[in-house]
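Please look over the sequence and the structure shown here before reading on. The briefing below is meant for use beside them.

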Amino acid sequence: RVLVKGITAEGYEFSRSSTHLVEIALPQMSLSGIASQSYDPTEKVLSFHISVDVIDDERLNRDEEGLTVMAYAQVWGTDSSGLHYVPVAWVEAMVDPTNDDSEIVLDLDEKWVHLAEASQPFQLKSVQLLDRNS
């Protein structure tokens, strides 16, 4: 429940309340802190392979859709001086863990790297994994 109290510009006191439902989902996986990248020159796509640890719990939603999660990350690359990181793009996708539930993969078209005038090495920041049903 949220309760807000205050005084209007005219000097009158007011009070407003609202009830919010917040769904708590069991964690399905956690980030291990390790990531790597690969490049497909045919598709001109950078792939970021993010290691995850899947939590083995019988209460998890392992249905015909697997352990699909919504994954987000900021991609940062190195500027032309090679000394500073610059923002390149956000990547996001509905993904399933691969390689025996040990990683998720997010792809980035190389045009975003060129537009940002960035190069390797790359960093992933603000990586988020969200329940697909929330």
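What follows is a short briefing on a sheet, a cis peptide bond and two loop residues.

This is a predicted model, in which local features need pLDDT of at least 70 and side-chain atom pairs count only at pLDDT 80 or more, while totals for chains, interfaces and linings use all residues. Residues are numbered from 1 along each chain as its sequence is written, and side-chain values use heavy atoms, with hydrogens and water left out.

**The sheet**

- An open sheet is formed by 3 strands (DSSP runs of E, at least two residues, numbered from the N terminus) in the order β6-β5-β8, and the pairing (at least two DSSP bridges between two strands) is antiparallel.
- Because β6 (85-95) and β8 (119-131) each have a single partner strand and stand at the edges, one side of each is left without a neighbour in the sheet.
- Strand β5 (residues 69-78) runs antiparallel to β8 and is joined to it by 8 bridges, and Met70 has Leu130 in β8 as its bridge partner.

**A cis peptide bond**

- The peptide bond that leads from Gln120 to Pro121 is cis, with omega near -5°, and Pro121 lies in strand β8.

**Positive phi in loops**

- Lys44, in the loop between β3 (29-40) and β4 (45-54), is a residue other than glycine with a positive phi, near 55°; its 44% relative accessibility makes it partly exposed (between the cut-offs for buried, under 20%, and exposed, over 50%, with a 1.4 Å probe and protein chains only).
- Glu117, in the loop between α1 (110-115; a helix is a DSSP run of H or I, at least four residues) and β8, is not a glycine either, yet has a positive phi of about 50°, and at 65% relative accessibility Glu117 counts as exposed.
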